[in-house]
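Work through the exercises below with the sequence and the structure at hand, and try each task before you read its solution.

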Amino acid sequence: MFGFTRTQTIAFLVMLVLIALAPFFLYPVFLMRVLCMALFACAFNLMLGYVGLLSFGHAAYFGMGAYITGWTMKFWHVDASVAIALGGLTGAILGLCLGYLAIRRSGIYFAMITLALAQMVYFFCLQAPFTGGEDGIQQVPRGKLFGFIDLSNDMTMYWVVASIFLAGFLLIHRIIHSPFGQVLKGIRENEPRAVSLGYRTDDYKLIAFVLSCTLSGLAGGTKALVFGIATLTDVNYPMSGEVVLMVLLGGLGTVFGPTMGAMILMTMENYLAEFGAWVTVIQGVIFMVCVLAFRRGVIGEIGGLFKLKL
Amino acid sequence: MMMILGVPAPLLFGQVLLGLINGAFYALLSLGLAVIFGMLNIINFAHGALFMMGAFCSWMLLNYVGIGYFPALFLAPLIIGIFGLVLEKTIISRLYKLDHLYGLLLTFGMALVIEGLFRNAYGSSGMPYRIPDMLQGATNLGFMYMPNYRGWVVLVAVIVCLATWAIIEKTPLGAKLRAATENAPMVQAFGVNVPRLITFTYAGGVALAAFAGVLAAPILSVNPNMGTSLITTVFAVVVIGGMGSIMGSVVTGFGLGVIEGLTKVFWPEASATVVFLVMVIVLLTRPRGLFGKSA
Amino acid sequence: MLEIKNLNSWYGESHILHGVDFNVQEGEVVTLLGRNGAGKTTTMKSIMGLVPRREGSIKFKGAELINLMPNQVARSGIAICPEERAIFGSLTVTENLMLPPVIAPGGLSIDEIYTLFPNLKERARTAQGTRLSGGEQQMLAIARILRTGSKMLLLDEPTEGLAPVIVQQIGRTIREIKKRGFTVLLVEQNFRFAATVADRHYVMEHGKVIDMIPNDQLAANMDKLHEYLGV
């Protein structure tokens, strides 16, 4: 099922156990941040790792998802499930519009275009009244899930976030191992050949992009619900950079890399928060080290060491 | 008072002038990006940070060494250019055999490091840089009062852009650069030291960014974030113009600055996004960019 | 003048040259003959340092070149006219002509070049080097390396795809520069053309030099040559 190899199944089970045990040892709120970012990173990896397109503006989909979930929870008092779904839908619609433009170019231009489009979204959010400008949307209630599960309890919320993460994780894995995913890999390896085989590669790229944006929006919405806040930070380009870094650090195009990268980076930020601007410097250094000497990332290196595909 | 399209003429011209100034920065930065991309095949994400370093360098020269604006206009690009030279030699040159995307990621990391360090040292609030006495005041042009410094920025930027264009399009050195952009190994096989040419091209592009930074210092406040807010817009400028032509970069840069200025007059809310909107239109109608060549 | 011993070259994983040995004396015109894929062009590129990896020995005027960068090889006095001609489209014809730096005195002057190639003089104002016809591009590619003062020229298939009248002109040019003391290593598919200009012929097969035939013994070795080249 889901196309896991035997090692991957074992690794997945280990991850499941860790997710189940972690909240008894670590702060659930911290773990929820990790899981939200991990889902975001997995969604991003779908684009960079499997389609080979670097989107430098994924914060737009994450941040807009967060805003819409936050807004609908706070002002429409919808069910938490609806709000999160709307977050994902926001990512999907925005991804469809911006992706339609961006896939017209590839490589380096794709990165610049996605960044510029995301910056446009950022400026929109800066000025639009509904986002609350610099303050963001604050005091978003967690509300109830399916009308009866009260999410104000951190542990309850944690299990919901964990379920969303796992669902997203498995969905991405299923997509990669579907015939659709095989075509994506073919496009990454040799796009002209895929075209000559009769595949409409632009359609495939766009669908992958929309899927990736949907899950990013979902991750952003979940994050807004957990922390009760959606702000410009979620939609600004440093967030786009952060998700690139998580995937690069964990291992580009690996199954477990993005999750690992999110865990490492969030832990680091947790401990380094008091050092202020040094966090940026350290992130920058990690970026450079990853690119220069460590291109396979943590999971990629571990996998390489034991000759496993993780 | 004279009105144009229901807007007082001085306001309109004032905004066009401001637009030209922004356009000057777009042009100088996108020019550097295009030249660097042609030779190194990387998009230099650190360009905004190096622009900021140019501004800081002139500020430091003034406040620590007492060197004024006009010498700084030469010294700061030289110093930052040498810094760029070292960056290329020690770090960037390791990437040439890899996918272009790694160059983008590496220079993004560099930008984070540079900006983070400056933020640690100087905080995020801006520091003022006084307009030099010679360029204080304003000139009455008949239809508007033009602050002298702003006129100076536009003038100098145009001169530097044209000079860069002339060097690349009209000199033997420029011919080597263009040839190496097309087929670097062959140019090297003719006896040209292409790695050194690449290093100096990067340094030159960086010096242009630093030069823009010095010009910007008295206009924008000198602060660690001044580069990043600019660089994303410059990326859009580069996408709109396409990186195939030097003159194209310059014209696109100034043109978009003016469009931005006019938008401030007629539709202020959209002024921050208008460049991106233009990019969307260009992507829909001419995905290669206005001056882009095929492939 | 040029002495090559046990030259091996690789493109990534594929091993192209398997120990090439030959030499060129000063003032000679020597050809490399062989079928497609025999390794002639790779030999040329290996001499210039234009392959990712190479081993063995390339001695030029007694100095070892094997570890030098292409620009250093060029500075030692070897110039290449590549098979694909490598005329630059973003350069004018004159800029193309003036592109290779002069590395030593003794090259042809612009006037001498225009005397050899009158067409180039007419087209000197052409904005894009790639606007020239195939024959003109080939002349430009040869002309620009005559300027540099390099006395050892590598010409890779200069007659490929050109009209007979232009082939004749290129033949005249090669004989002319030989008279002026240039040394030429020529890659050719067309050995009838090669026979009109060369002193000796090396035959390559599967990344090795398998035979050497002096030009005056060409007639006697015709059968052997036909077998080598499969014509």
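**Exercise 1. Two phenylalanines in chain A**

Task: Decide whether A:Phe169 is buried or exposed, and then describe how A:Phe169 and A:Phe256 are arranged as a ring pair.

Solution: Keep in mind from the start that this is a predicted model. Step one concerns accessibility: A:Phe169 has a relative accessibility of 3% and therefore counts as buried, since the cut-off for buried is under 20%. A:Phe256, at 7% relative accessibility, counts as buried by that cut-off. Step two concerns the geometry: the ring centres of A:Phe169 and A:Phe256 are 5.5 Å apart and the planes stand at 35°, which makes the aromatic pair tilted. Step three places the two residues in the chain: A:Phe169 belongs to helix H6 (residues 154–176) of chain A, whereas A:Phe256 lies in the loop between helix H11 (237–250) and helix H12 (257–272), so that the pair links distant parts of the chain, 87 residues apart.

**Exercise 2. A ring pair within one helix**

Task: Explain why the pair of B:Phe56 and B:Trp59 is classed as edge-to-face, and say how the two residues are placed in their helix.

Solution: Begin with the angle, because the planes of B:Phe56 and B:Trp59 meet at 70° and a value over 60 degrees counts as edge-to-face. The centres of these two rings are 6.5 Å apart. Next, look at the positions: B:Phe56 and B:Trp59 are three residues apart in helix H2 (residues 47–65) of chain B, and about one helical turn therefore separates them. Finally, check the accessibility, where B:Phe56 is buried at 0% and B:Trp59 is buried at 10%.

**Exercise 3. One arginine, two partners**

Task: Find which salt bridges the side chain of C:Arg180 forms.

Solution: In the first salt bridge to consider, C:Arg180 meets C:Glu112, with 3.0 Å from N to O. This pair joins distant parts of the chain, for C:Arg180 is in the loop between helix H7 (164–179) and strand S8 (183–187) of chain C, while C:Glu112 is in helix H4 (residues 110–116), 68 residues apart. In another salt bridge, C:Arg180 meets C:Glu176, with 3.1 Å from N to O. As a last step, compare the accessibilities: C:Arg180 is partly exposed at 36%, C:Glu112 is partly exposed at 29%, and C:Glu176 is partly exposed at 25%.

**Exercise 4. Where chain C meets chain B**

Task: Describe the contact between chain C and chain B, stating how many residues each chain gives and which residues form the salt bridge across it.

Solution: First come the residues, of which chain C gives 22 and chain B gives 17. Then comes the area: the two chains bury about 1,600 Å² between them, with 66% of it on carbon and sulfur atoms. On the side of chain C, the residues C:Asn71, C:Phe88 and C:Leu99 supply 31% of the area that chain C buries against chain B, more than any other three residues. The polar side of the account follows, with six residue pairs in polar contact between the chains and one salt bridge across the interface. That salt bridge joins B:Arg178 to C:Glu95, whose closest N and O atoms are 2.8 Å apart. To finish, sort the residues of chain C that touch chain B, which divide into 15 nonpolar, three polar and four charged.

Methods: Residues numbered from 1 in each chain as written. Chains lettered and ligands numbered in written order. Predicted model: local features only at pLDDT ≥ 70, side-chain atom pairs only at ≥ 80, totals over all residues. Heavy atoms only, no water. Contact = heavy atoms within 4.5 Å. Buried area = accessible area lost by both parts, 1.4 Å probe. Salt bridge = Lys/Arg side-chain N within 4 Å of Asp/Glu carboxyl O. Polar contact = N/O pair within 3.5 Å; in protein donor to acceptor, adjacent residues only side chain to side chain. Nonpolar A, V, L, I, M, F, W, Y, C, P; charged D, E, K, R; others polar. Phe/Tyr/Trp six-rings, centres within 6.5 Å; stacked < 30°, edge-to-face > 60°. Helix = DSSP H or I, 4+ residues; strand = E, 2+ residues; numbered from the N terminus. Buried < 20%, exposed > 50% of the residue type's maximum accessible area, 1.4 Å probe, protein only.
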